[in-house]
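Here is a note on the ligand sites and the empty spaces in this model. It is set out as numbered points.

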Amino acid sequence: MNLLVTGGCGFIGSNFVRYWLEHHPEDQVLVYDKLTYAGRRENLADLWEDPQLSLVVGDIGDQALVRQTCLTQATDLIVNFAAETHVDQSILGPLVFTDTNIRGTHVLLEVARELGIRLHHISTDEVYGHIRDDHQSVETDELAPRSPYAASKAAADQLVQAYAITYGIPVTITRGANNVGPYQYPEKAVPLFSTNAILGEPLPVYGDGQQMRDYAHVYDHCTGIEAVLLRGEIGQVYNVGTGREMTNLEMVDIVLQTLGKEQSLIRHVLDRPGHDRRYSMNVDKLRALGWEPRYEPRQAVAEAVRWYQDNQDWWAPIRSGEFRDYYEKQYAERLAGLQG
Ligand code: NAD
Ligand code: TYD
């Protein structure tokens with residue numbers, strides 16, 4: 001099979017490419033990636049020599065290039081990871097989220113429609129919005145996004161489903177929980193807190209830190225996507241997570257304990273506007289395909305933290321480069337101001 005993996009140089013995409021080449025060595029994988037700040041060739045540094053793997057640098061919004069790439073590769077399946085992915089970035093600069101997440105996905109759908117290609121779209125639990133305490137989202141729940149990021153992902157989900165209904169094109173969707181693991185850009189909470197703690201810098205916890213997330217290991221997301229690609233029903237949506245949440249303060253505690261660092265590094269800072277208090281998903285539909293997660297959430301976080309401890313060579317150049325401007329914009333006032 002010939003797979004076009006968009007966003008394959010990002011966090012989850014690169015873990016997926018690595019997983020897929022190892023478990024399906026007969027397949028051809030073409031990574032199509034714009035190489036934004038979050039997309040890094042070095043995430044697959046050890047694999048570029050593999051004749052089964054290739055790279056096209058491009059934007060998913062460039063219809064002519066996507067089309068030509070699919071024709072040249074004779075693509076059987078597009079797996080769409082490409083996106084702007086960070087909620088805080090979507091609050092600072094939302095328009096690029098619309099360009100990539102909505103229009104970019106729409107372009108992929110158009111090419112898939114014209115050339116008769118199956119498309120698997122990677123979505124998120126954030127499309128369900130804030131979840132009240134006694135509920136776990138199921139795939140048929142209404143979408144109720146609350147951040148520009150989540151809204152752009154929900155719009156993309158709905159375009160994918162509308163194309164399946166209107167044009168009958170073969171699509172599937174997975175909605176992933178908060179992923180942790182190797183190669184996650186340090187703007188996200190777990191790698192940010194891990195690298196800050198290693199550097200002895202404060203950990204900026206938004207608000208009271210009682211927000212709840214399902215921290216799932218990226219390995220389990222990859223096996224979940226594989227289960228849907230191989231055994232999922234065309235036209236269906238599948239949640240992928242552990243089905244269990246913890247508070248952000250519990251997550252921070254695992255980070256500090258794993259690194260042997262003091263609680264005094266915790267700083268409660270001004271909360272994120274519109275911060276969703278809780279995400280929680282029911283994953284029974286994916287389980288019914290024979291999938292089980294390997295990691296429970298505590299293990300997933302601890303394992304991720306150890307990767308950052310062991311792979312300073314990967315993140316130190318990021319932290320000392322362009323990331324500093326973003327960090328300054330996002331945290332300087334917060335860390336100087338409101339303390340919990
Ligand atoms: P990431 O930010 O680490 O990587 C995104 C990748 O997409 C990068 O390689 C980037 O260069 C590429 N990209 C961005 N804009 C592009 C464009 N216009 N054209 C082509 N490539 C482009 O993201 P991630 O955390 O790996 O997330 C991957 C997917 O999974 C996204 O669709 C995201 O919404 C979804 N998701 C993420 C999580 C999570 O916890 N990180 C959870 C659930 C779902
Ligand atoms: P994040 O990794 O940004 O994922 P998302 O917002 O998409 O769930 O954040 C995970 C949780 O950690 C979320 O509740 C916000 C919180 N958080 C902080 O408390 N401080 C931070 O500096 C960041 C980046 C996140």
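1. Terms. Helices and strands here are DSSP runs, numbered from the N terminus, with at least four residues for a helix and at least two for a strand. By that naming, strand S5 gives the largest share of the shell around ligand 1, with 3 residues. The model is predicted, and local features are reported only where pLDDT is at least 70.

2. Ligand 1, surroundings. There are 29 residues around ligand 1, and those that come nearest are Ile12, Asp33, Thr85, Tyr149 and Lys153. Sorted by class, the shell has 13 polar, 12 nonpolar and 4 charged residues.

3. Ligand 1, backbone contacts. Three contacts to backbone atoms can be listed. An oxygen atom of ligand 1 lies 2.7 Å from a backbone N or O atom of isoleucine 12. A nitrogen atom of the ligand is 2.9 Å from a backbone N or O atom of isoleucine 60. At phenylalanine 81, a polar backbone atom is 3.2 Å from an oxygen atom of ligand 1. On its own, ligand 1 has 840 Å² of accessible area, and the protein covers 97% of this. Two or more residues of the shell come from each of helix H1 (11–23), strand S5 (118–124), helix H5 (148–167) and strand S7 (178–180).

4. Ligand 2, surroundings. Which residues are closest to ligand 2? They are Glu126, Arg213, Arg272, His275 and Tyr331, out of 21 that surround the ligand. The class count for this shell is 10 nonpolar, 5 polar and 6 charged residues.

5. Ligand 2, polar contacts. The side chain of glutamate 126 has an N or O atom 2.4 Å from an oxygen atom of ligand 2. Asparagine 248 also places a polar side-chain atom 2.8 Å from an oxygen atom of this ligand. Proline 204 takes part through its backbone, where a polar atom is 2.8 Å from a nitrogen atom of ligand 2. The accessible area of ligand 2 on its own is 500 Å², of which the protein covers 97%. The elements that supply two or more residues to the shell are H3, helix H6 (189–199) and strand S8 (203–206).

6. Largest pocket. The volume of the largest pocket is about 270 Å³. Its lining has 17 residues, and Asn15, Arg18, Pro182, His217 and Tyr219 are the closest to the centre. H1, helix H7 (218–231) and helix H10 (297–310) each give two or more residues to this lining. With 5 residues, H1 gives the most. H1 is also among the elements that give two or more residues to the shell around ligand 1. By class, the pocket lining divides into 8 nonpolar, 4 polar and 5 charged residues.

7. Second largest pocket. This pocket holds about 180 Å³ of space. Its lining residues include Thr36, Tyr37, Glu84, Gln89, Phe97, Glu322, Asp325, Tyr326 and Lys329. Helix H3 (87–92), helix H4 (95–115) and helix H12 (323–336) are the elements that give it two or more residues. H12 has the largest share, 3 residues. The lining comprises 5 nonpolar, 3 polar and 4 charged residues. Note that H3 also gives two or more residues to the shell around ligand 2.

8. Cavities. How many cavities of 30 Å³ or more does the structure hold? There are 2. The second largest has about 60 Å³ of space. Among the residues that line this second largest cavity are Glu126, Arg213, Arg272 and His275, which are also listed among the residues closest to ligand 2. Val87, Ile91, Arg146, Ser147, Pro273, Gly274, Asp276 and Tyr279 belong to the lining too. Its classes are 4 nonpolar, 3 polar and 5 charged. Cavities and pockets were computed over the protein atoms alone, a point to keep in mind when reading the shared residues.

9. Record annotation. UniProt, in an unreviewed entry, places the feature "domain: NAD(P)-binding" at residues 4–303. The end C-alpha atoms of residues 4–303 lie 29 Å apart in the model. Helix makes up 40% of the span and strand 18%. Such annotations may be inferred rather than shown by experiment.

Technical notes:
Residues numbered from 1 in each chain as written. Chains lettered and ligands numbered in written order. Predicted model: local features only at pLDDT ≥ 70, side-chain atom pairs only at ≥ 80, totals over all residues. Heavy atoms only, no water. Near = heavy atom within 4 Å. Polar contact = N/O pair within 3.5 Å; in protein donor to acceptor, adjacent residues only side chain to side chain. Areas by Shrake-Rupley, 256 points an atom, 1.4 Å probe, with all protein chains shown as cover. Nonpolar A, V, L, I, M, F, W, Y, C, P; charged D, E, K, R; others polar. 1 Å grid on protein atoms, 1.4 Å probe; cavity = no way out; pocket = protein on both sides within 12 Å on 5 of 7 lines; lining within 4 Å. Points joined across faces, edges and corners; volume = space filled by probe spheres on them.
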